[in-house]
Amino acid sequence: MPIYEYKLDDSVEDSGGQQPGCEHCRVKFEELERAGDLPLKKCPQCGSPVARVLSSFAVTGYEKNMMSKKNLEEKGFTRYEKAGDGFYEKTAGKGPDVIKR
């Protein structure tokens, strides 16, 4: 599920002369929502109108050297590859050279 960011909707004026919103919605806050859910209209804490804001997102991809023998060993992992029916040979890290299932 994606995380969306919201903040107090600046386009709505407060008629009471007070600063609208609460500490939660005056700055950005995050909500974990399903992709198909409608955007929030009100702050979950004070009920003031909020708007979804455009935010950056993290993109991770497969790096070629991520699964390299050197990188796996540096991170303390052991990798085995299937060598035959029920046999796995160690290709990186510490541990037995062969595992039989």
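**Exercise 1. Confidence of the model**

Task: State the mean pLDDT of the chain, and identify which elements have the lowest and the highest mean pLDDT.

Solution. The structure is a predicted model. Step one takes the chain as a whole: its mean pLDDT is 86, and 88% of its residues reach 70 or more. Step two turns to the elements of the chain, where helix α2 (residues 69–74) has the lowest mean pLDDT, 89. The highest value, 94, belongs to strand β5 (residues 87–92).

**Exercise 2. A salt bridge between E5 and K28**

Task: Determine how far apart the closest N and O atoms of E5 and K28 are, and which parts of the chain the pair ties together.

Solution. Side chains of opposite charge can pair when their charged atoms come close. The structure holds four salt bridges. In the one formed by E5 and K28, the closest N and O atoms are 3.9 Å apart. Next, the two residues are placed: E5 lies in strand β1 (residues 3–8), while K28 lies in the loop between α1 (23–26) and β2 (29–32), so the salt bridge ties together parts that are 23 residues apart in sequence. Finally, the relative accessibility of E5 is 18%; because buried means under 20%, E5 counts as buried.

**Exercise 3. Two further salt bridges**

Task: For the pairs E33 with R52 and D97 with K90, give the N to O distance and classify each residue as buried, partly exposed or exposed.

Solution. The side chains of E33 and R52 meet at 3.3 Å, N to O. This pair links distant parts of the chain, with E33 in the loop between β2 and β3 (50–53) and R52 in strand β3, 19 residues apart. E33 has a relative accessible area of 6% and is buried, whereas R52, at 34%, counts as partly exposed.

For D97 and K90, the N to O distance is 3.3 Å. D97 has a relative accessible area of 55%, and because exposed means over 50%, D97 is exposed. K90, at 26% relative accessibility, counts as partly exposed.

**Exercise 4. The three-stranded sheet**

Task: Work out the strand order of the open sheet of three strands, and find which strands are at its edges.

Solution. Strands of a sheet pair through backbone hydrogen bonds, either parallel or antiparallel. Here the order is β4-β5-β6, and the pairing is antiparallel. The edge strands are β4 (79–84) and β6 (98–100), as each pairs on one side only. From one strand to the next, the twist averages 35°. Turning to β4 and β5, their antiparallel pairing extends over five bridges. G84 has F87, in β5, as its bridge partner.

Conventions. Residues numbered from 1 in each chain as written. Predicted model: local features only at pLDDT ≥ 70, side-chain atom pairs only at ≥ 80, totals over all residues. Heavy atoms only, no water. Helix = DSSP H or I, 4+ residues; strand = E, 2+ residues; numbered from the N terminus. Buried < 20%, exposed > 50% of the residue type's maximum accessible area, 1.4 Å probe, protein only. pLDDT = per-residue confidence, 0-100. Pairing = 2+ DSSP bridges. Axes fitted to C-alpha atoms, helices over the stretch in contact; angles between N-to-C directions.
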